[in-house]
Amino acid sequence: MANLNGATADLRATFLEVYSVLKSELLSDPAFEWNEGSRQWVERMLDYNVPGGKLNRGLSVIDSYKILKEGKDLTEDEVFLASALGWCIEWLQAYFLVLDDIMDNSQTRRGQPCWYRVPKVGMIAVNDGIVLRNHIPRILKKHFRGKPYYVDLLDLFNEVEFQTASGQMIDLITTIEGEKDLSKYSLPLHRRIVQYKTAYYSFYLPVACALLMAGEDLDNHVTVQNVLIDMGIYFQVQDDYLDCFGEPEKIGKIGTDIEDFKCSWLVVKALELCNEEQKKTLFEHYGKEDPADVAKIKALYNDFNLQGVFTEFESKSYEKITSSIESHPSKAVQAVLKSFLGKIYKRQK
């Protein structure tokens, strides 16, 4: 296994080696009688959906655990276990995305057709999503069953999955086709959707995994959870902003939040700032695919100087999060949280 106490490229290479180990274990899981067809299907499904992203969530477990160990070199076993937990988060992400794409009727994901759009896959993807979700407890049982924090890990993954699915539900029922109603959109609703749908699994879960591995009790770290939720909300507001104002070549996609009638931070701020005439324009043109409608919404956003409003939000968020971090009694935990914030502050993609 590559040396993990060195460069980031080593970290990624080691992480991917662990994926291969976990995959081969799952493909010969003794709880199921495998044949060539089932093994080939699951292997192709895993390779297509699990390791293709940026892997930020998974790699964050190892980063955070290393910081919590305060400079001590990690043993090979610690590297493997932190990587395995990181992959459990990537498996969780793959499960959400496979099903999400079906719900959203999406075309592409990570520059390739969504899994359910692949020939001969179709609605088998629903079951594949369930299989992905069920791989997580298989990995945890094989590698963590003897650990004192095993039950806490199971609890953590179950709770975060519940929170994420509930966040997805609020998002879906707010934008039911045929019931598009901008008056439902507000800052508290935006915050709730983001907190539950994104922040728990993308920000809190990687750090919580590292804390459990380091022997910490999560009940003693409610403030850490709160800071990470605030970071997750700040991250999503950046995403909403970049969807409209980011450069497509930098963010890697052409934003469609306006066309898709998304409960975006920008539209919520516009609703707060508009007069009656502007409100009429918003209601009339938001959520329409015609470029002329989109242009009208973007012109309104410029009238409200939403770029300036965002810049102010960004600096206030940064100050608030930084002061919360600095009030934490543990320097190691502070370092973990500062490392997370450093990765996202003023990002362009």
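Here are four short exercises on this predicted model, each with a worked solution.

Before you start: residues are numbered from 1 along each chain as its sequence is written. Since we're on a predicted model, local features need pLDDT of at least 70 and side-chain atom pairs count only at pLDDT 80 or more, while totals for chains, interfaces and linings use all residues, and side-chain values use heavy atoms, with hydrogens and water left out.

**Exercise 1. Find the largest cavity and say which elements line it.**

Step 1: get the term straight. A cavity is a set of points, on a 1 Å grid over the protein atoms alone, where a 1.4 Å probe fits but cannot get out; lining residues have an atom within 4 Å of a point. Points are joined across faces, edges and corners, and the volume is the space filled by probe spheres set on them.

Step 2: search the whole structure. Four cavities of 30 Å³ or more turn up, and the largest holds about 100 Å³ of space.

Step 3: go through the lining, which includes Tyr48, Asn49, Asp101, Arg109 and Trp115. Helix H2 (36-49), helix H4 (76-103) and strand E2 (112-113) each give two or more residues, and H4 gives the most, with four. Helices (H or I, at least four residues) and strands (E, at least two) are DSSP runs numbered from the N terminus.

Step 4: sort by class. You get seven nonpolar, two polar and three charged residues. Here Ala, Val, Leu, Ile, Met, Phe, Trp, Tyr, Cys and Pro count as nonpolar, Asp, Glu, Lys and Arg as charged, and the others, Gly among them, as polar.

**Exercise 2. Work out which parts the salt bridge of aspartate 29 and arginine 138 ties together.**

Step 1: apply the rule, a side-chain nitrogen of Lys or Arg within 4 Å of a carboxyl oxygen of Asp or Glu. The count comes to 13 salt bridges, and aspartate 29 with arginine 138 is one of them at 2.7 Å, N to O.

Step 2: place the partners. Aspartate 29 lies in the loop between helix H1 (8-26) and H2, and arginine 138 in helix H5 (residues 124-144), so the pair joins parts 109 residues apart in sequence.

Step 3: check the cover, with buried under 20% relative accessible area, exposed over 50% and partly exposed in between (1.4 Å probe, protein chains only). Aspartate 29 is buried at 11%, whereas arginine 138 is partly exposed at 32%.

**Exercise 3. Do the same for lysine 320 and aspartate 230.**

Step 1: the closest N and O atoms of this salt bridge are 3.1 Å apart.

Step 2: lysine 320 sits in helix H13 (residues 306-326) and aspartate 230 in helix H8 (residues 222-245), so parts 90 residues apart in sequence are tied together.

Step 3: lysine 320 is partly exposed at 47%, while aspartate 230 is buried at 15%.

**Exercise 4. Look at two non-glycine residues with positive phi: is each one buried or exposed?**

Step 1: recall the background. Most residues other than glycine have a negative phi.

Step 2: take lysine 120, with a phi of about 75°. Lysine 120 is in the loop between E2 and H5 and counts as exposed at 78% relative accessibility.

Step 3: now phenylalanine 261, whose phi is near 60°. Phenylalanine 261 lies in the loop between helix H9 (248-251) and helix H10 (265-273), and is buried at 3%.

Terms used. 1 Å grid on protein atoms, 1.4 Å probe; cavity = no way out; pocket = protein on both sides within 12 Å on 5 of 7 lines; lining within 4 Å.
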